Amino acid sequence: MNSERVYTVTDYYDGPRRGVADVDGQPHTYSRVFDGAADDWTEVFVLRPVDAETLELMLAEWARWLRWRAAFDRGEVGIDTHPVLPAERAEHELRSAEIRRRLETRKGPTMRRCGRFEATQDSYRVIWSPEAPDLTRRDLEFEP
């Protein structure tokens, strides 16, 4: 199986949990499923397509976060400014609201696949397996 591009990692704990990555060459949001019975994250992700305009907005927000992270690592800003530089806060608030609105109203099929993320020198790649286990149990949590 071929690895695919990971555009963003907007939630991370012991590995990517949420962001945007290609699935079969097309950008999709990914959201890792939590197994309440096991009290742990699964290897299953909920995937939804993202249109080009929304992806552009998301990439601009990702770039803002990367600038913040670089400044944070250099000691130029504190954690209290997370997730963007103070000068970019107003634009971030506007764009984040627009992204949320677009994601809440988007159309397109929801898929579930197992994913294995691999760290690269400056990002990640992901390998999606074509099948995902049954997710009909009530104790599994995810954001579609």
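Good morning. I begin with Asp24, D24, which is exposed, with a relative accessible area of 56%. The structure before us is a predicted model, and D24 sits in the loop that joins β2 and β3. The backbone of D24 deserves attention: its phi is near 55°, which is a positive value in a residue other than glycine.

A similar description applies to D39. This residue belongs to the loop between β3 and β4, and its phi is positive, about 55°, although D39 is not a glycine. Why is D39 classed as exposed? Its relative accessibility is 59%, and the exposed class begins over 50%.

A further backbone feature is found in the loop between α1 and α2, where P83 is placed. The peptide bond that leads from H82 to P83 is cis, and its omega is near 10°.

Let me turn to the start of the chain. N2 lies in the segment before β1, and N2 counts as exposed because its relative accessibility is 69%. Which residues does N2 contact, once its neighbours within four places in sequence are left aside? They are V126 and I127. For a sense of distance, consider N2 and D73: they are 71 residues apart along the chain, and 33 Å separates their C-alpha atoms.

I now move to the interior. The largest nonpolar core has 11 residues. Its members are V6, V9, A21, V23, Y30, F45, L47, W62, F117, V126 and W128. Several strands contribute to this core: β1, β2, β4, which spans 40–49, and β6, which spans 124–129, each supply at least two of its residues. There is also a second, separate core of seven residues, and Y7, V50, L55 and L57 are among them.

Within the largest core, F117 offers a useful point of reference. If residues up to four places away in sequence are not counted, F117 touches V6, P16, Y30, R32, F45, Y124, R125, V126 and W128. Two of the residues on that list, P16 and R32, lead to the next point.

R32 is part of strand β3. Is R32 buried or exposed? R32 counts as buried, because its relative accessibility is 9%, and the limit for that class is under 20%. A polar atom of the R32 side chain lies 3.4 Å from the backbone oxygen of P16. R32 therefore combines a buried position, at 9% relative accessibility, with a place in the contacts of F117.

Finally, I come to the largest pocket, whose volume is about 1100 Å³. Of the 36 residues that line this pocket, T8, V9, T10, D11 and G19 are the closest to its centre. Which elements supply at least two residues each to the lining? They are β1 (4–12), β2 (16–23), β3 (26–35), α1 (52–73) and α2 (89–105). The greatest contribution comes from β1, with eight residues. By class, the lining is made up of 17 nonpolar, nine polar and 10 charged residues.

To close, I would draw attention to β1. This strand gives the most to the lining of the largest pocket, and β1 also supplies at least two residues of the largest nonpolar core. V9 appears in both accounts: V9 is a member of that core, and V9 is one of the lining residues closest to the centre of the pocket. Thank you for your attention.

Notes: Residues numbered from 1 in each chain as written. Predicted model: local features only at pLDDT ≥ 70, side-chain atom pairs only at ≥ 80, totals over all residues. Heavy atoms only, no water. 1 Å grid on protein atoms, 1.4 Å probe; cavity = no way out; pocket = protein on both sides within 12 Å on 5 of 7 lines; lining within 4 Å. Points joined across faces, edges and corners; volume = space filled by probe spheres on them. Helix = DSSP H or I, 4+ residues; strand = E, 2+ residues; numbered from the N terminus. Nonpolar A, V, L, I, M, F, W, Y, C, P; charged D, E, K, R; others polar. Buried < 20%, exposed > 50% of the residue type's maximum accessible area, 1.4 Å probe, protein only. Polar contact = N/O pair within 3.5 Å; in protein donor to acceptor, adjacent residues only side chain to side chain. Core = buried A, V, L, I, M, F, W, Y, C linked by side-chain atoms within 4.5 Å. Contact = heavy atoms within 4.5 Å.
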